[in-house]
Amino acid sequence: MKKWDGHTHTEFCPHGSGDLVETMIEKAIGLGFTDYSITEHPPMPAAFEREIANSPEDIATAALRWDQLDAYFKKAHEMKQKYKDQIRIHVGLEVDFLPGFEADTRALLREYGSQMDDGVLSLHFMPGVGGWRFIDFSATDFEAGIWKHYGSFAAIQKAYYGIIRESLFADLGPAKPRRLGHISLCQKFQHYFKNDQTAITGAARDQVSQLLKEVKDQQYQLDWNTAGLYKEFCQETYPPLDIAQVAQSLGIELIYGSDSHALEDIGRGYNYYEKHQ
Ligand code: ZN
Ligand code: FE
C-alpha cells in the first residue's frame with residue numbers, strides 16, 4: 001500500500017530546524033512511507049518582496065535565496081538516487097501563489113520544472129496593512145497585519161478563499177503544481193482571538209464548497225496538512241476534517257502532508273489522516 005508524505009522541507013529552509021533531509025527520509029523509511037515529496041520554498045521575485053510590508057529580516061526567513069536553489073535541487077536528486085530502493089522520492093517545490101506575479105512564477109517553473117516531478121501550490125501572503133503580509137508568520141503579526149486590515153475573520157475568509165480560487169485557475173505554465181497546499185491556512189491563529197467569531201462562516205463554507213467542486217473539475221489534489229494540529233492556536237488540520245470530508249465525498253484526492261521542518265515532525269498526524277481515509 002502506498003504511504004505518501006506529500007509535503008516536507010529540508011535543511012535549506014531558513015525557518016526550519018536545520019535537520020537534514022537525509023535523516024528525515026531515513027525516519028520516513030522507518031515509518032513505512034513508500035513515497036516522499038521534498039517541497040522546499042523557492043525564492044520569491046525581488047519585485048514581490050518589495051511589496052511585502054513585513055520587515056526585511058522576517059521576509060528573509062520565508063524562502064530559499066536564489067543562490068541556494070541549484071544546491072537544493074542537487075541535494076534532492078541525490079536523495080532520490082541514494083534511497084531509490086527504499087522509498088520513492090519526489091522532487092518538487094512548495095510554490096507560492098503570488099497574485100500579479102504569475103509571469104515570474106512561470107519563469108521559475110520554466111527553468112526548474114524539468115527537475116520536478118511533484119509540487120504544492122500554497123498561499124502564504126495576502127493583502128494587509130501596508131502591502132502584502134504574511135498569513136502564517138506569528139499570531140501577533142497576523143493580528144497587526146491581516147486582522148486589523150479586514151476587521152473580522154469573516155472578511156479575512158472571504159478574501160483568502162478568493163485568492164485560493166485564483167491560484168487554482170492561475171496560468172503558471174505546464175509545471176504548475178497540481179496540489180493545493182494547506183487551503184485553510186487563514187485559520188492558523190484562530191484560537192488566539194478569544195473574543196472573536198473565528199469559526200468558518202456560512203458564507204465562507206459556501207465559497208469553499210464551490211471551490212471544492214472546481215478543484216475536482218480541474219483534477220487537482222489537496223494537501224491534507226497535519227501541521228495545524230500541533231500549532232497552539234490552530235488545533236486542526238488544513239483543511240479541517242469537515243471540509244476534508246466534503247472533498248472526499250466529491251472524489252478529490254487528499255494527500256497527507258506532514259509539512260515537516262524538523263526530524264521530529266516526520267509522520268506527525270499520519271494516524272489521524274489514516275483514520276479518516
Ligand atoms: Zn516552510
Ligand atoms: Fe506552506
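# Two metal ions, a helix pair and some loops

Over residues 5-227 the chain is 39% helix and 15% strand, and the C-alpha atoms at the two ends of that stretch are 12 Å apart. That range is not my choice: UniProt lists residues 5-227 for "domain: PHP", in an unreviewed entry. Please keep in mind that what you see is a predicted model.

I will start with the metals. Which residues hold the zinc ion, ligand 1? Its protein donors are His 15, His 41 and His 261, each through NE2, at 1.9 to 2.1 Å from the ion. If you want to find them in the sequence, the spacing is H-x25-H-x219-H. So much for the pattern; now look at where the residues sit. His 15 lies in the loop between strand S1 (4-5) and H1, while His 261 lies in the loop between strand S9 (254-257) and helix H10 (270-275). These two are 246 residues apart, and the pair links distant parts of the chain.

Are His 15 and His 261 buried or exposed? His 15 has a relative accessible area of 36%, so this residue is partly exposed. His 261 has 17%, and it is buried because the limit for that word is under 20%.

Next, the iron ion, ligand 2. The iron ion is coordinated by Glu 94 through OE, and by His 124 and His 182 through NE2, at 2.0 to 2.2 Å. Along the sequence, the spacing of these donor residues reads E-x29-H-x57-H. Here too the pair of Glu 94 and His 124 links distant parts of the chain, with their positions 30 residues apart. Glu 94 belongs to strand S3 (residues 88-96), and His 124 to the loop between strand S4 (120-122) and strand S5 (125-128). Both Glu 94 and His 124 are buried.

How far is the iron ion from the zinc ion? The separation is 5.5 Å.

Now to the helices. Two packed helices are described by the angle between their axes and the distance between the axes. For helix H1 (residues 21-30) and helix H4 (residues 69-82), the angle is about 35° and the axes are 11 Å apart. The crossing of H1 past H4 is right-handed. On the H1 side, the contact is made by Val 21, Glu 22 and Ile 25; on the H4 side, by Lys 75, Met 79 and Lys 82. Sorted by class, that gives 3 nonpolar residues, 3 charged ones and no polar ones.

Let me stay with one of these residues, Lys 75, which is in helix H4. What does Lys 75 touch, leaving aside neighbours within four places in sequence? The list is Glu 11, Phe 12, Val 21 and Glu 22. The relative accessibility of Lys 75 is 21%, so it counts as partly exposed. The cut-off matters here, because buried means under 20%. For a sense of distance, the C-alpha atoms of Lys 75 and Leu 250 are separated by 37 Å, and the two residues are 175 apart along the chain.

A second residue to look at is Phe 193. You will find Phe 193 in the loop between strand S7 (179-180) and helix H8 (202-217). Phe 193 is at 7% relative accessibility, and therefore counts as buried. Not counting residues up to four places away in sequence, Phe 193 touches Phe 142, Glu 143, Trp 147, Phe 153 and Thr 198. Its C-alpha atom is separated by 29 Å from that of Ile 266, which is 73 residues away along the chain.

Last, some backbone details. Where is the cis peptide bond? It joins Tyr 238 and Pro 239, with omega about -10°. Pro 239 is in the loop between strand S8 (221-225) and helix H9 (241-249).

Gln 235 is also found in the loop between S8 and H9. Gln 235 is not a glycine, yet its phi is positive, about 65°. With a relative accessible area of 48%, Gln 235 is partly exposed.

Asp 259 is another residue other than glycine with a positive phi, here near 55°. Asp 259 sits in the loop between S9 and H10, and His 261 of the zinc site is in that loop too. The relative accessible area of Asp 259 is 9%, so Asp 259 is buried.

Technical notes. Residues numbered from 1 in each chain as written. Chains lettered and ligands numbered in written order. Predicted model: local features only at pLDDT ≥ 70, side-chain atom pairs only at ≥ 80, totals over all residues. Heavy atoms only, no water. Axes fitted to C-alpha atoms, helices over the stretch in contact; angles between N-to-C directions. Helix = DSSP H or I, 4+ residues; strand = E, 2+ residues; numbered from the N terminus. Left-handed = near helix turned anticlockwise from the far one by under 90°. Contact = heavy atoms within 4.5 Å. Nonpolar A, V, L, I, M, F, W, Y, C, P; charged D, E, K, R; others polar. Donors = N, O, S within 2.8 Å, 3.2 Å for Na, K, Ca; no water. Buried < 20%, exposed > 50% of the residue type's maximum accessible area, 1.4 Å probe, protein only. UniProt positions renumbered as here; feature names shortened; annotations may be inferred.
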